[in-house]
Amino acid sequence: MAKKVTMQQIANYLGVSKFVVSKALSGKGGVSEATKERVLDAAAQLGYFAQRPVSKQMKSEPRRTDSSSSKQSVLVLMPNIRFQTKESLYWGRILDGISAELQKRDIGMAILSEQNAERLTGLINPDGIMGMIGVGEISSAMLLDIRRLGISMVLVDHEDDLIPLDSIFVDNFEAVHRLTKQLLTTGREDIAFLGNIHFSRSFYDRYLGYRAAVEAHYYAKPEHRTQIYPWLERSLLTLEGYERAHFTEQIKQWLVRLKQLPTAIICANDTIALSLMDVLKERGIDVPEQLSITGFDNIEDSYTNELPLTTVHVPKEMLGKKAVERLLNRLQHQDEPIVKLLVKSEIIYRESTSLKLDTAKMHQ
């Protein structure tokens with residue numbers, strides 16, 4: 001069995017005192033943000049966070065995972081309330097999946113939208129909850145505070161480089177890789193990507209799937225290898241916002257800068273794709289005749305839009321269901337390795353692309 005990583009080892013690694021390491025890892029004041037970040041990075045590299053959490057709760061008897069204790073429930077943490085809400089066409093369906101699975105098991109659910117990491121621990125009663133499910137982006141500081149409390153947690157559509165936790169994703173890389181390959185093999189070879197790769201891990205993985213498909217396609221044709229990077233560089237990877245109105249002006253400026261239109265644009269999600277289609281319609285650019293557009297998520301607006309959108313269907317309720325299953329399994333098997341679960345997606349072909357396939361599914 002591997003030896004436990006101690007605070008003293010982290011201190012020796014950084015050349016600081018054990019007191020500084022203790023302050024940084026405990027979340028208390030007394031150290032600068034820069035020092036705290038160095039300590040957290042070093043702790044992650046040395047495997048400190050991969051160890052089983054040590055706390056009063058974890059040292060005591062394991063929490064009960066049946067439904068006989070009425071005071072226990074699962075806490076769902078959704079700190080990014082600007083766009084991750086119950087009303088969201090994406091996040092709301094994940095919540096529906098979590099709620100339905102917990103209800104089936106007669107387990108209660110509470111939603112916490114606190115954004116301040118310092119206040120979080122004061123709002124949580126570890127004895128009153130079985131565990132937590134984090135939905136969407138959650139800061140490392142929050143995850144570290146939860147870890148200090150010894151609460152088991154599963155993340156949906158997010159993972160943290162510093163704090164290893166079980167996570168549930170759709171197969172972002174594989175789905176966009178398949179979609180991009182399909183566009184490339186049907187003649188749409190000048191493909192750009194639209195979305196902020198720093199917005200979430202899912203967006204970044206979708207970009208990597210697109211990029212891998214483009215590179216493989218052009219490297220298979222030695223005479224065309226010089227065409228790879230110009231199109232990658234013409235992608236818009238810093239798109240800010242989370243609603244259709246946020247993207248309009250940025251997309252307009254990006255299109256003006258392009259010397260020629262691509263033949264297809266892979267968008268990081270449906271909301272971006274629908275905003276792009278609004279701009280293209282305003283400019284008189286025909287979709288899909290002049291270029292094909294694809295999205296991701298299969299939200300309701302993707303098929304009720306005037307021109308239905310080719311997209312990737314994310315089984316949102318299933319993500320929520322699997323998060324509950326994973327959390328309950330973790331409560332029973334605390335010493336098992338960390339798990340990253342990928343749920344299979346489905347490409348839905350609609351009128352925003354000119355793909356002519358026998359397997360195309362005009363799905364609503």
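Helices and strands here are DSSP runs, at least four residues for a helix and at least two for a strand, numbered from the N terminus. With that settled, asparagine 298 can be placed: it falls in the loop between S8 and helix H13, residues 300-304. Please keep in mind throughout that this is a predicted model.

I will start with the whole chain. It has 364 residues, and 50% of them are buried. The secondary structure amounts to 14 helices and 11 strands. If you take the contacts between residues at least 6 apart in sequence, 69% of them join residues at least 24 apart.

Next, the packing of two helices. Two packed helices are described by the angle between their axes and the distance between those axes. For helix H8, residues 172-185, and H9, the angle is about 35 degrees and the axes are 7 Å apart. Is the crossing of H8 and H9 left-handed or right-handed? It is right-handed. On the H8 side, the contact is made by Asn172, Phe173, Val176, His177, Thr180, Lys181 and Leu184. H9 contributes Ser202, Asp205, Arg206, Leu208, Gly209, Tyr210, Ala212, Ala213, Val214 and His217. By class, the residues of this contact are 8 nonpolar, 6 polar and 3 charged.

H9 also takes us to the aromatic residues. How many aromatic pairs does the structure hold? There are 5, and I will describe two of them. Phenylalanine 193 and tyrosine 207 make an edge-to-face pair, with 5.4 Å centre to centre and 70 degrees between the planes. This pair links distant parts of the chain: phenylalanine 193 belongs to strand S6, residues 191-194, and tyrosine 207 to helix H9, residues 201-219, with the two positions 14 residues apart in numbering. Both partners are buried. Phenylalanine 193 has a relative accessibility of 0%, so it counts as buried. Tyrosine 207 is also in that class, because its relative accessible area is 6%.

The other pair is phenylalanine 199 with phenylalanine 203, 5.0 Å centre to centre and 35 degrees between the planes, which makes it tilted. Its two members fall on either side of the cut-off for burial, which is 20% relative accessible area. Phenylalanine 199, at 27%, is therefore partly exposed. Phenylalanine 203, at 7%, is buried.

Which residues form one aromatic cluster with Phe193? They are Tyr207 and Tyr210. Tyr210 has come up already, as one of the H9 residues in the contact with H8.

Two rings have a charge over them. Arginine 206, also named in the H8 and H9 contact, lies over the face of phenylalanine 296, 3.7 Å from the ring centre. Lysine 340 has its charged end over the ring of phenylalanine 169, 4.9 Å from the centre of that ring.

Now two exposed residues, each with a distant partner in sequence. Glutamate 233 is in helix H10, residues 228-233. With a relative accessible area of 66%, glutamate 233 is exposed. Its C-alpha is 9.5 Å from that of phenylalanine 193, 40 residues away in sequence, and phenylalanine 193, as I said, is buried.

Lysine 344 sits in the loop between strand S10, 340-343, and strand S11, 346-348. Lysine 344 is exposed too, at 59% relative accessible area. Leaving aside residues up to four places away in sequence, lysine 344 touches Asp171, Arg178 and Pro315. From lysine 344 to glutamate 174 the C-alpha separation is 8.9 Å, across 170 residues of chain.

Last, the backbone. Most residues other than glycine have a negative phi, and most peptide bonds are trans. Three places here depart from that. Valine 287 and proline 288 are joined by a cis peptide bond, with omega about 10 degrees. Proline 288 is in the loop between helix H12, 270-282, and strand S8, 292-294.

The other two places have a positive phi. For aspartate 157, phi is near 65 degrees. Aspartate 157 lies in the loop between strand S4, 153-156, and strand S5, 166-170, and is buried, with a relative accessible area of 7%. The other is asparagine 298, where I began, with phi near 60 degrees. Is asparagine 298 buried or exposed? At a relative accessible area of 8%, asparagine 298 is buried.

Definitions and conventions: Residues are numbered from 1 along each chain as its sequence is written. This is a predicted model: local features need pLDDT of at least 70, side-chain atom pairs count only at pLDDT 80 or more; totals for chains, interfaces and linings use all residues. Side-chain values use heavy atoms; hydrogens and water are left out. Rings of Phe, Tyr and Trp (its six-membered ring) pair if their centres lie within 6.5 Å; planes under 30 degrees apart count as stacked, over 60 as edge-to-face and the rest as tilted. Buried means under 20% relative accessible area, exposed over 50%, partly exposed in between (1.4 Å probe, protein chains only). A charge sits over a ring if NZ of Lys or CZ of Arg is within 6 Å of the ring centre and within 35 degrees of the ring normal. Axes are lines fitted to C-alpha atoms, for helices over the stretch in contact, and angles run from 0 to 180 degrees between N-to-C directions. A crossing is left-handed if the near helix is turned anticlockwise from the far one by less than a right angle, and right-handed if clockwise. Contact means heavy atoms within 4.5 Å. Ala, Val, Leu, Ile, Met, Phe, Trp, Tyr, Cys and Pro count as nonpolar, Asp, Glu, Lys and Arg as charged, and the others, Gly among them, as polar.
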